[in-house]
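The following paragraphs lead the reader through one protein structure, beginning with local details of the backbone and ending with the whole chain.

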Amino acid sequence: MAFRFLPFRLLAVLVLALWASWCSARTLALTFDDGFKPGKQPEAAQWNAQMLAALRGHGIKAALFPTLARMGGAGGLELAEAWGRAGHLIGNHTASHRSLADPKVSLDWFIADVRTADAAFKGLAGFAPMLRFPYLKEGDTQAKRDGMREWMARNDYRSAPVSIDASDWYYNIVYAAHLKAGDAGKAERVKQAYLRHLLDRADYYDGLARDVLGRSPVHVMLLHTNQINAAALPDVIAALTAHGWNIASASSAFQDPLYAQAPGTLPAGESIVWARAKALDFSGLRYPAEDAVYEEPLLRDAGLLP
């Protein structure tokens, strides 16, 4: 039925409903750090295949930011290559996974580490010169922060920030410990707590973005290649979509102008939304933005710590 034949009052209701739907639309992309290490993880190939199957089953193009120290040698590179062949973006998460905010890590050392990883990854299918800073830390001093930004600009490297940060690595530690102890029941309860955690963090950072930016950007969520995500990724995707999230490709998400910003915060880093809020002197921001210290009491109270 054409809109011109609808009563004015009904047409107004439809327009308001469409406007409300547009305003509440939320979109994110999934990105994963580290890569699997066959030499120390006997299930590495299986977990890698499970994650790729989950993404393929939902038609999702994600991004992988591997780091050499957490992949081992050729075996880990082959698993990362499978992501590129599947159409996912491959970036650079350094060779050694050292934090640029560590006073012991110099700018020159960090740049050399990025170059080492670049040499190993640039031949992989799907590679793009994009750097995901370890621990999301971009420098503890202005000289290191700005020096790295200048090096990246000169070498056609883009930063790969995230807007939604979450301590999935901590939930993975607890989940794996229960499985190792043979307690599948508690592991499942941890997985359910993990799903709630991701939804909570997604809501929090989207709300913060609306406060800071006046809009909901195309978000980039930080996750890791690990045991819990190998098992739970189909449930993660289902939970996000049921919660009103659309899932975009990582390559399209990084086109949002938010990810080209360089907030003037020190120490530099964290979620790009958090950093923008910090630069604007928002109150109530915790530091570090995400860490086990916030999640441990929740899991303890739920009786889920191993």
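Thr-94 is placed in the loop between β3 and α4. The model under discussion is a predicted one. Although Thr-94 is not a glycine, its phi is positive, at about 75°. With a relative accessibility of 0%, Thr-94 counts as buried, because that value falls under the 20% limit.

A second residue invites a similar description. Leu-136, which is not a glycine either, has a positive phi of about 60°. Leu-136 belongs to the loop between β4 and β5, the latter strand comprising residues 137-139. The relative accessible area of Leu-136 is 8%, so this residue is buried.

Two peptide bonds also deserve attention. The bond from Leu-266 to Pro-267 is cis, with omega near -10°. Pro-267 lies in the loop that runs between α9 (250-253) and β9 (268-269). The bond from Tyr-287 to Pro-288 is likewise cis, and here omega is near -5°. Pro-288 occurs in the loop between α10 (272-279) and α11 (292-301).

Helix α4 can be examined in further detail. This helix has 15 residues, numbered 107-121, and at 1.5 Å a residue it should span 21 Å; the C-alpha atoms at its ends are 21 Å apart, which agrees with that expectation. Which residues of α4 are buried? They are Leu-107, Phe-110, Ile-111, Asp-113, Val-114, Ala-117, Asp-118 and Phe-121. Because these residues cover an arc of only 160° around the axis, they lie on the same side of α4. The general geometry of such helices is relevant here: an α-helix has 3.6 residues a turn, so residues three or four places apart point the same way. On the other side of α4, by contrast, Asp-108 and Ala-119 are exposed. The buried residues of α4 are covered by elements that include the strands β2 (63-66), β3 (89-92) and β4 (127-131), together with the helices α3 (74-85) and α5 (142-154).

From this helix the description may pass to the interior of the protein. In soluble globular proteins, nonpolar side chains tend to be buried together. The largest nonpolar core of this protein contains 92 residues, and those that touch the most other members are Leu-30, Phe-32, Leu-55, Met-148 and Leu-233. Helix α7, residues 184-213, gives the most to this core, contributing twelve residues. Leu-233 illustrates how distant parts of the sequence meet: leaving aside residues up to four places away in sequence, Leu-233 touches Leu-30, Phe-32, Met-51, Ala-54, Leu-55 and Ile-228.

The protein as a whole remains to be described. It has eleven helices and nine strands. Its C-alpha trace spans about 70 × 50 × 40 Å along the principal axes. For 306 residues, a compact globule would have a radius of gyration near 19 Å, and the protein has 20 Å, which agrees. Of these 306 residues, 48% count as buried. Among contacts between residues at least 6 apart in sequence, 80% join residues at least 24 apart. The protein exposes about 14000 Å², and carbon and sulfur atoms supply 56% of that area.

Key
Residues numbered from 1 in each chain as written. Heavy atoms only, no water. Helix = DSSP H or I, 4+ residues; strand = E, 2+ residues; numbered from the N terminus. Expected span 1.5 Å × (residues − 1). Buried < 20%, exposed > 50% of the residue type's maximum accessible area, 1.4 Å probe, protein only. Arc of directions from axis to C-beta. Contact = heavy atoms within 4.5 Å. Rg over C-alpha atoms; globule rule 2.2 N^0.38 Å. Areas by Shrake-Rupley, 256 points an atom, 1.4 Å probe, with all protein chains shown as cover. Core = buried A, V, L, I, M, F, W, Y, C linked by side-chain atoms within 4.5 Å.
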